[in-house]
Amino acid sequence: MKATLADLTTMRIIRLFEETIEKFFLEGRIMGTAHTCVGQEGVAVGIAAALKPQDAMTSTHRGHGHFIARGADPARVMAELFGRDTGYSHGYGGSQMMMAPEIGFYGANGITAGSMAFAAGLAMEAKVHKTGRVVACILGDGASNEGMFHEAINLAALWKLPVVYIVENNRYAMSTPISVGLANPVVCDRAAAYGIPGKRTDGNDIEGLCAAVSELVESARAGNGPALLEVLTYRFSGHSKGDPRVYRTREEENEARKNDPITNLEKLLLSRGEATPEQLEQTKSEAESVINRCVEFAENSPSADAARFKARLFA
Ligand SMILES: Cc1ncc(C[n+]2csc(CCOP(=O)(O)OP(=O)(O)O)c2C)c(N)n1
Ligand SMILES: [Mg+2]
């Protein structure tokens with residue numbers, strides 16, 4: 001992949017989407033909660049760019065960015081958060097229960113590591129029916145400590161399933177830093193236990209990340225079985241809405257912000273002469289108008305409706 005202004009726009013849309021909904025939650029304009037991925041936009045865009053249309057992606061509780069990068073209509077994602085009938089789950093799922101198989105997105109998932117066995121199942125279907133599909137299963141560093149991590153990777157390795165497990169190592173699981181949660185902070189080392197390739201890459205460099213994902217995805221497609229890719233990133237936002245982030249310092253956050261994936265891509269495009277400062281600015285206004293449209297669409301959509309929902313389910 002050669003990153004373009006379009007990738008920058010997508011990353012900005014994801015960031016502004018997340019910042020906007022965080023504000024709406026705090027204002028009580030939307031109910032429930034959500035986990036935003038501010039700072040992790042490069043991971044979403046880099047992974048999505050490595051997948052083919054027939055491939056599948058599974059996500060986490062922090063899934064809006066993955067979903068939008070995979071091609072979801074951000075207006076329908078917003079509508080779901082507003083509890084509207086036009087949302088991806090007709091307003092009944094919310095942030096962690098959105099799915100769109102028609103674009104190869106097999107769901108956010110509120111269960112930590114919950115998508116891992118599900119992804120192995122999707123990969124098994126691909127293998128049995130020889131569809132040529134590969135599954136990219138995204139999980140967090142915290143999820144790598146769940147039993148499901150080991151169960152799923154063991155079976156995927158044993159049966160040589162076409163699935164690539166991608167760990168977004170954002171250094172925290174809720175308030176627990178990896179220094180307290182991981183006996184070995186290098187998550188991809190665990191691949192050796194199952195005899196599969198394990199790699200680490202930088203989530204703030206979308207071209208490098210995309211190349212790493214592509215290599216493992218194409219190897220899985222060729223029949224070589226699963227792999228474990230660890231992506232180093234950082235969530236600038238709190239764990240979920242209103243998190244005061246007392247478990248880390250503002251200095252640490254400021255340090256991490258020096259490696260912002262959006263700024264990195266801006267610098268790359270400028271240095272290669274592939275964008276002018278004006279074009280970079282224009283991506284900001286494009287993202288703003290997309291998000292304004294999303295809010296307008298969500299607000300003007302009909303509320304979730306039990307009768308309509310039921311009729312669709314049993315149609
Ligand atoms: C099985 C299960 N255990 C615990 C939780 C509560 N929980 C929600 S998010 C989270 C932390 C996940 O951390 P990580 O996998 O690193 O993802 P991140 O939040 O950093 O994206 C936990 C423990 C849960 N949702 N499911
Ligand atoms: Mg984490």
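## A walk around the helices and the sheet

Start by selecting helix 1 and helix 11: in this contact, L5, L8, T9, R12, I13, L16, F17 and T20 of helix 1 meet Q279, T283, K284, E286, A287, E288, V290, I291 and C294 of helix 11. Colour that set by class and you get nine nonpolar, four polar and four charged residues. Keep in mind as you go that this is a predicted model.

**The angle between helix 1 and helix 11**

Now show the two helix axes. Those of helix 1 and helix 11 come within 8 Å and cross at roughly 45°. Because of that angle, helix 1 counts as oblique to helix 11. Which hand does the crossing have? Helix 1 passes helix 11 in a right-handed crossing.

**Stay on helix 1, add helix 10**

Keep helix 1 (residues 5-27) on screen and select helix 10 (residues 261-271) as well; the two pack at an angle of about 160°, with their axes 10 Å apart. That angle is over 145°, so helix 1 is roughly antiparallel to helix 10. This time the crossing is left-handed.

For the side chains, pick L5, D7, L8, M11, R12 and R15 on helix 1, then P261, I262, L265, E266 and L269 on helix 10; these are the residues that meet. By class, the contact of helix 1 with helix 10 has seven nonpolar and four charged residues, and no polar ones. L5, L8 and R12 are worth labelling: they are among the helix 1 residues that meet helix 10, and they also appear in the contact with helix 11.

**Back to helix 11, from helix 4**

Next, select helix 4 (residues 74-81) together with helix 11 (residues 277-300). Their axes come within 8 Å and cross at roughly 45°, which means helix 4 is oblique to helix 11. The crossing of this pair is right-handed.

Which residues make the contact? On helix 4, show P74, A75, M78 and A79; on helix 11, show V290, R293, C294, V295, F297 and A298. The class count here is nine nonpolar, no polar and one charged. Two helix 11 residues to label are V290 and C294: both take part in the contact with helix 4, and both are also on the list for helix 1.

**Over to the sheet**

Hide the helices and show the strands. You should find an open sheet of five strands, in the order 1-2-3-7-6, with parallel pairing. Where are its edges? Select strand 1 (56-58) and strand 6 (198-202), each of which pairs on one side only. Look across the sheet for its twist: neighbouring strands are turned by 20° against each other on average, direction ignored.

Zoom in on strand 6 and its partner, strand 7 (residues 227-232). The two pair in the parallel sense over five bridges. For one of the residue pairs, click G198: its bridge partner in strand 7 is L228.

**Zoom out**

Finally, bring everything back. The protein has 12 helices and seven strands in total. Its C-alpha atoms fill a box of roughly 55 × 50 × 40 Å along the principal axes. The radius of gyration is 19 Å, which agrees with the value near 20 Å for a compact globule of 315 residues.

Key
Residues are numbered from 1 along each chain as its sequence is written. Chains are lettered from A and ligands numbered from 1 in the order in which they are written. This is a predicted model: local features need pLDDT of at least 70, side-chain atom pairs count only at pLDDT 80 or more; totals for chains, interfaces and linings use all residues. Axes are lines fitted to C-alpha atoms, for helices over the stretch in contact, and angles run from 0 to 180 degrees between N-to-C directions. Helices (H or I, at least four residues) and strands (E, at least two) are DSSP runs, numbered from the N terminus. Angles under 35 degrees count as roughly parallel, over 145 as roughly antiparallel, 65 to 115 as roughly perpendicular and the rest as oblique. A crossing is left-handed if the near helix is turned anticlockwise from the far one by less than a right angle, and right-handed if clockwise. Two residues are in contact if their C-beta atoms, placed from the backbone, lie within 7 Å. Ala, Val, Leu, Ile, Met, Phe, Trp, Tyr, Cys and Pro count as nonpolar, Asp, Glu, Lys and Arg as charged, and the others, Gly among them, as polar. Two strands pair if DSSP finds at least two bridges between them. The radius of gyration is taken over C-alpha atoms; the globule rule is 2.2 Å times the number of residues to the power 0.38.
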